[in-house]
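Okay, thanks for coming, everyone. I'll take a few minutes to walk you through the model I have up on the screen.

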Amino acid sequence: MPSWAGIRPLALAVFRDGPRILVEDAEAWDRRDRFYRPPGGGVEFGELAIDAMRREMCEEFCAEIRDVRLMGTLENVFEYHGRPGHEIVFVFEARFVDASFYEAERIVGREGAGIRIEAIWLDVSQPLDRPLYPNGLLEVLQERTASKAHR
């Protein structure tokens with residue numbers, strides 16, 4: 001097995017609404033771990049990360065998106081349920097075409113295997129009650145906010 005075979009490429013979407021971002025609530029589908037993560041998923045072989053992110057939004061939430069741009073790339077080395085993990089995460093900022101997504105308190109979708117997923121709006125300007133993954137994302141969001149404030 002090549003050394004890179006265990007590294008998983010991911011494409012995640014950050015949707016903002018003021019100080020809030022949309023995150024999947026892992027507690028809804030994994031009772032053992034409590035964390036938040038923006039919606040998205042794996043990049044398939046031969047697929048561009050931006051296309052993977054668009055596909056995931058369509059598959060999981062039946063959502064069309066616009067104004068997509070790369071915010072950055074993060075590397076995440078972690079342990080999940082006692083097993084090591086390694087991800088290269090492409091983080092995109094995007095907007096929903098349908099404005100009603102911004103008004104919903106909880107957005108319910110389906111993962112590829114039919115697993116129910118839930119996304120909520122999380123105010124990242126306040127202390128968080130659990131981790132936000134991937135590691136480093138909160139700092140990227142804070143840098144972006146600070147940079148926009150100085151323009």
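**A walk through the fold**

So, reading along the sequence, the order of elements goes β-β-β-β-α-β-β-β-β-α. That's two helices and eight strands in the chain. Please keep in mind that this is a predicted model.

Some overall numbers. The chain has 151 residues, and 42% of them count as buried. About 8800 Å² is exposed, and carbon and sulfur atoms supply 53% of that. If you take contacts between residues at least 6 apart in sequence, 64% of them join residues at least 24 apart.

Let's go inside. Which residues have the most contacts within the largest nonpolar core? They're Phe15, Met53, Phe61, Ile65 and Phe96, in a core of 22 residues. The elements that give two or more residues to this core are β1 (8-17), α1 (49-61), β5, β6 (83-96) and β8. The largest share comes from α1, with five residues. Then, apart from that one, there's another core, of 17 residues, and among them you'll find Leu12, Val124, Leu137 and Val140.

Now zoom in on Phe96. It's buried, at 2% relative accessibility, where the cut-off for buried is under 20%. Leaving aside neighbours within four places in sequence, the contacts of Phe96 include Phe15, Leu22, Ile65, Phe101, Tyr102 and Trp121. You'll notice plenty of rings in there, and ring pairs do link Phe15, Phe96, Phe101, Tyr102 and Trp121 into a cluster.

On to the aromatic pairs, then. How many does the count come to? Five aromatic pairs. Take Phe35 and Tyr133: the ring centres are 5.3 Å apart and the planes sit at 55°, so we call that pair tilted. Phe35 is in the loop between β2 (20-25) and β3 (36-37), and Tyr133 is in the loop between β8 (116-123) and α2 (137-149), so this pair ties together parts that are 98 residues apart in sequence. Phe35 is buried, at 10% relative accessibility, while Tyr133 is partly exposed, at 29%.

Back to Phe96 for a second: its pair with Tyr102 is edge-to-face, 5.6 Å centre to centre with 70° between the planes. Tyr102 is buried, with a relative accessible area of 10%.

Okay, charges. Side chains of opposite charge can pair when their charged atoms come close. Searching the whole structure turns up 14 salt bridges. I'll show you three.

One is Arg69 with Glu93, where the closest N and O atoms are 3.2 Å apart. Arg69 is in strand β5 and Glu93 is in strand β6, so the bridge ties together parts 24 residues apart in sequence. Is each partner buried, partly exposed or exposed? Arg69 is partly exposed, with a relative accessible area of 35%, and Glu93 counts as buried, at 10%.

Next up, Glu118 and Arg106, with closest N and O atoms 2.4 Å apart. Glu118 lies in strand β8 and Arg106 in strand β7 (residues 106-110), so here the parts tied together are 12 residues apart in sequence. Glu118 is buried, at 11% relative accessible area, and Arg106 is partly exposed, at 41%.

Glu118 also meets Arg116 in a salt bridge, 2.1 Å from N to O. Arg116 is partly exposed, with a relative accessible area of 39%. And what do these bridges add up to when they share partners? They join Asp25, Arg106, Arg116, Glu118, Asp129 and Arg130 into one network.

Last stop, Val77, which lies in strand β5 (residues 65-80). Buried or exposed? Val77 is exposed, because its relative accessible area is 60% and the cut-off is over 50%. If you skip residues up to four places away in sequence, Val77 touches Gly85, His86 and Asn135. Its C-alpha atom is also separated by 9.1 Å from that of Pro134, which is 57 residues away along the chain.

That's my tour. If you'd like to click around yourselves, a place to start is Phe96, one of the residues with the most contacts inside the largest nonpolar core. Another is Glu118, which bridges to Arg106 and to Arg116. Happy to take questions.

Terms used
Residues numbered from 1 in each chain as written. Predicted model: local features only at pLDDT ≥ 70, side-chain atom pairs only at ≥ 80, totals over all residues. Heavy atoms only, no water. Helix = DSSP H or I, 4+ residues; strand = E, 2+ residues; numbered from the N terminus. Buried < 20%, exposed > 50% of the residue type's maximum accessible area, 1.4 Å probe, protein only. Contact = heavy atoms within 4.5 Å. Phe/Tyr/Trp six-rings, centres within 6.5 Å; stacked < 30°, edge-to-face > 60°. Areas by Shrake-Rupley, 256 points an atom, 1.4 Å probe, with all protein chains shown as cover. Core = buried A, V, L, I, M, F, W, Y, C linked by side-chain atoms within 4.5 Å. Salt bridge = Lys/Arg side-chain N within 4 Å of Asp/Glu carboxyl O.
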